[in-house]
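Reader: I would like a close look at one residue and the part of the fold around it. Please start at the residue and work outwards from there.

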Amino acid sequence: MPRRHKKDRDRDYEPLDLDRARQGIRRTETKRGGRYIVQPISEKNAQKTYTCPGCQLTIPPGQAHVVAWEDESLMGAERAIEDRRHWHSHCWRIF
Ligand SMILES: [Zn+2]
């Protein structure tokens, strides 16, 4: 019996930006006169329970959703990131 060649597994991909790829693409949206940075969170990365500010219901772990925060340079980027909120994708869309 001929031995099977090991499958070529030499090609170990090394995505340069794995974290970003996993998290989805950050985008900027303008809503209600403010500029917001919106970061999609995948099912895999949703590991905690959050309360959605749009409907006051919880976002359970494992549910894809978005994180949004105001792109407010006056207060400083760090402060804005502390203020970020987790939203149901749907609630964010209609916000
Ligand atoms: Zn909601």
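Author: Glu-29 sits in strand 1, which covers residues 27-31. The model is a predicted one, and every value below is computed from it.

Start with the surroundings of the residue. Glu-29 has 15 other C-beta atoms within 10 Å. A residue counts as buried at 20 or more such atoms and as exposed at 12 or fewer, so Glu-29, with its 15, is partly exposed. If neighbours within four places in sequence are left aside, Glu-29 is in contact with Tyr-36 and Val-38. Asp-71 is 42 residues away along the chain, and its C-alpha atom is separated from that of Glu-29 by 9.3 Å.

The strand as a whole comes next. Strand 1 has five residues and the number buried is zero, so the strand lies largely in the open.

Strand 1 is joined to strand 2 (residues 34-41) by five bridges, and the two run antiparallel. One of the paired positions is Arg-27, whose bridge partner in strand 2 is Val-38. Val-38 is also one of the contacts of Glu-29. Strand 1 and strand 2 form a hairpin with two residues between the strands. In that hairpin, Arg-32 takes a positive phi near 45°.

From strand 2 the pairing can be followed further. Six bridges join strand 2 to strand 5 (residues 65-70), again in an antiparallel arrangement. Within this pair, Ile-37 of strand 2 stands opposite Trp-69 of strand 5. Strand 5 in turn is joined to strand 6 (residues 85-87) by three bridges, and these strands also run antiparallel. Here the bridge partner of Ala-68 is Arg-85 in strand 6. The pairing thus traced goes from strand 1 to strand 2, from strand 2 to strand 5, and from strand 5 to strand 6.

Last, the whole chain. It contains three helices and six strands, and from the N terminus on the elements run α-β-β-β-β-β-α-β-α. The chain has 95 residues, of which 14% count as buried. Among contacts with a separation of 6 or more, 42% are between residues 24 or more positions apart.

Note on methods. Residues numbered from 1 in each chain as written. Predicted model: local features only at pLDDT ≥ 70, side-chain atom pairs only at ≥ 80, totals over all residues. Helix = DSSP H or I, 4+ residues; strand = E, 2+ residues; numbered from the N terminus. Contact = placed C-beta atoms within 7 Å. Pairing = 2+ DSSP bridges.
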